[in-house]
Amino acid sequence: MTIDGGYVPGQIPQTYQPQPPAGDGTEGSRPGKAFGPAPEPLPVPVPDNHTHLDYGAPGAVGISAALDAAAAAGVSGAVQVGTDLESSRAAARLAHEDHRLLAAVAIHPNDAPELAAAGTLEDALAEIESLAQLPRVRAVGETGLDYFRTGPEGVGAQHYSFRRHIDIARRTGTALQIHDRDAHDDVVKVLAEEAEPHAVVFHCFSGDAGLARICNEKGWYMSFAGTVTFRNAEGIRDALAIAEPELVLVETDAPFLTPHPYRGRSNASYMIPYTVRAMAEVRGVELDSFCASLSANTERVYGSWDQGSLPL
């Protein structure tokens, strides 16, 4: 399958510099300032299971250089995540060009109502399903529900799109990456009503201990981002503390959600060690064993970074 777009290997496509979808990031976490310093490398390599390397960042850092910096910090690879057709095509292409990347593809929940109103949602979902069948596309996401940016008039389209993404992930054998903002109860309800894919991941887990208990019971993965280090995130830390160890993942959601003490600067995959060390402290575990567990959990969800190539 050929994916058009004229992307330059190893670089952020200069013709593709989108604004991030409404609803990502939190106040004080949007990118725009200089990057923070490189952390001490992790003792055992850990993948970043959710990032957006194609979003504009200071200095237009090339993707190969960004992944080199991550590797130097003990970050072994990343899942490049799409939020619309263009970024999903780019994710599949970039994962083919650099085997340190895998791809996730989806229509963001905040975009679903607009596409539905334009009569183009079905065509978009059909292309997402086609992309999800490519060997290095290992997840459908980010999809889900977002009641923070989209009002009641868009809820129906969000629910429909979310259910369709769940079905695509199940039928293509890929994981499901969930965007859940101010919609915990409805996300759980929809998942309970649909046949689930082999792995469900709550991207940028934002729930409390109550949601963590549900995830433990259901076997749903919880992916923690830099928010776990924020001073006002006691609920997220409470969730992390009781999460089953085999269900815990880590991500950046870069360039958003930079961990403390560099909150407000642009995030990148090389910043993962700050978050991992904070997570290990919350859980009261040794860093080496915690890193090994995170790595094993991530590969169980997405498969090996060394396998599969894009047939062009």
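Two aromatic rings, from Phe, Tyr or Trp, count as a pair when their centres lie within 6.5 Å. Keep that in mind as we walk through this structure, which is a predicted model.

With that cut-off, a search of the whole structure turns up seven aromatic pairs. One of them joins Phe-205 and Phe-224, whose ring centres are 5.4 Å apart; their planes meet at 45 degrees, so this pair is tilted. Phe-205 belongs to the loop between β6 (200-202) and α7 (209-218), while Phe-224 belongs to strand β7, so the pair ties together parts that are 19 residues apart in sequence. Are these two residues buried or exposed? Phe-205 has 1% relative accessibility, so it counts as buried, and Phe-224 is buried as well, with a relative accessible area of 0%. Another pair is made by Tyr-302 and Trp-305, this time edge-to-face, with 6.5 Å from centre to centre and 75 degrees between the planes. Tyr-302 and Trp-305 are both buried.

Now look again around Phe-205 and Phe-224. Together with Phe-202 and Trp-220, they form one aromatic cluster.

Rings also meet charges here. The charged end of Arg-181 sits over the ring of Phe-148, 3.8 Å from the ring's centre. In a second place, Arg-263 has its charged end over the ring of Phe-230, with 3.7 Å to the centre.

Next, follow the chain to helix α9, which runs through residues 272-283. Its twelve residues reach 17 Å from the first C-alpha to the last, close to the 16 Å expected at 1.5 Å a residue. Which residues of α9 are buried? They are Ile-272, Pro-273, Tyr-274, Thr-275, Val-276, Met-279, Ala-280 and Arg-283. Their cover includes the strands β1 (46-51), β2 (75-81), β7 (221-224) and β8 (248-250), along with the helices α8 (234-242) and α10 (287-302). Strand β7 is already familiar as the home of Phe-224. Just after α9 comes Gly-284, which takes a positive phi of about 70 degrees.

Finally, turn to Ala-116, a residue of helix α3 (residues 112-118). Its relative accessible area is 36%; since buried means under 20% and exposed means over 50%, Ala-116 is partly exposed. What does Ala-116 touch, leaving aside its neighbours within four places in sequence? It is in contact with Leu-121 and Ala-157. You can also look from Ala-116 to Ser-161: they are 45 residues apart along the chain, and their C-alpha atoms are separated by 9.1 Å.

Definitions and conventions:
Residues are numbered from 1 along each chain as its sequence is written. This is a predicted model: local features need pLDDT of at least 70, side-chain atom pairs count only at pLDDT 80 or more; totals for chains, interfaces and linings use all residues. Side-chain values use heavy atoms; hydrogens and water are left out. Helices (H or I, at least four residues) and strands (E, at least two) are DSSP runs, numbered from the N terminus. Buried means under 20% relative accessible area, exposed over 50%, partly exposed in between (1.4 Å probe, protein chains only). Contact means heavy atoms within 4.5 Å. The expected span of a helix is 1.5 Å times one less than its number of residues. Rings of Phe, Tyr and Trp (its six-membered ring) pair if their centres lie within 6.5 Å; planes under 30 degrees apart count as stacked, over 60 as edge-to-face and the rest as tilted. A charge sits over a ring if NZ of Lys or CZ of Arg is within 6 Å of the ring centre and within 35 degrees of the ring normal.
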